[in-house]
Amino acid sequence: MATLDQCRAALDRLAQNLSSADGSVRGAATLDRSLSCRITDLDVTFLGRLADGTIREVTSVSGPPPHKAEIRLSMAGDDLVALVDGELNFAKAWGSGRVKLEAGLRDLLRLRTLL
């Protein structure tokens, strides 16, 4: 089971990957949306903002998110680490229910290039 520090490091790596991306990935990363990532096995939620091609203002809270973010992810800590490390295919994980993603239809269409 991934630790809280490993999940935070994975989010930091994701933010770094987004900031160095180009092309259609960079375009999708320029959304300005609130973001939550619930780590189910640790009972913690990371909150932040997807803006200017990166994830900013990342904080964590115990339990479920205190408010409904515009983009909401939910998964186990191991899955977050595996996704960021490229060891888990997002589409397969989402299709099987290992990863949950909730967002508006327009955002989902733009996010598919990121994930």
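Mentor: Helices are DSSP runs of H or I with at least four residues, strands are DSSP runs of E with at least two, and both are numbered from the N terminus. On that basis the protein chain has five helices and five strands. The model is predicted, so local features need pLDDT of at least 70 and side-chain atom pairs pLDDT 80 or more, while totals for chains, interfaces and linings use all residues. Residues are numbered from 1 along each chain as its sequence is written, and side-chain values use heavy atoms, without hydrogens and water.

Trainee: How do you know that the end C-alpha distance of helix α1 agrees with its number of residues?

Mentor: The expected span is 1.5 Å times one less than the number of residues. For the 16 residues of α1 (residues 4-19) that gives 22 Å, and the end C-alpha atoms are 23 Å apart, which agrees.

Trainee: What makes the buried residues of α1 line one face?

Mentor: Cys-7, Ala-10, Leu-11, Ala-15 and Leu-18 are buried (under 20% relative accessible area with a 1.4 Å probe, protein chains only; exposed is over 50%, partly exposed in between). Seen down the axis, they fall within an arc of 140°, taken from the directions from the helix axis to the C-beta atoms, so they line one face. Asp-5 and Gln-16, on the other side, are exposed.

Trainee: Why is α1 called roughly parallel to α3?

Mentor: Their axes, lines fitted to C-alpha atoms over the stretch in contact, with angles from 0 to 180 degrees between N-to-C directions, cross at roughly 30° and come within 9 Å. Angles under 35 degrees count as roughly parallel, over 145 as roughly antiparallel, 65 to 115 as roughly perpendicular and the rest as oblique, so α1 is roughly parallel to α3.
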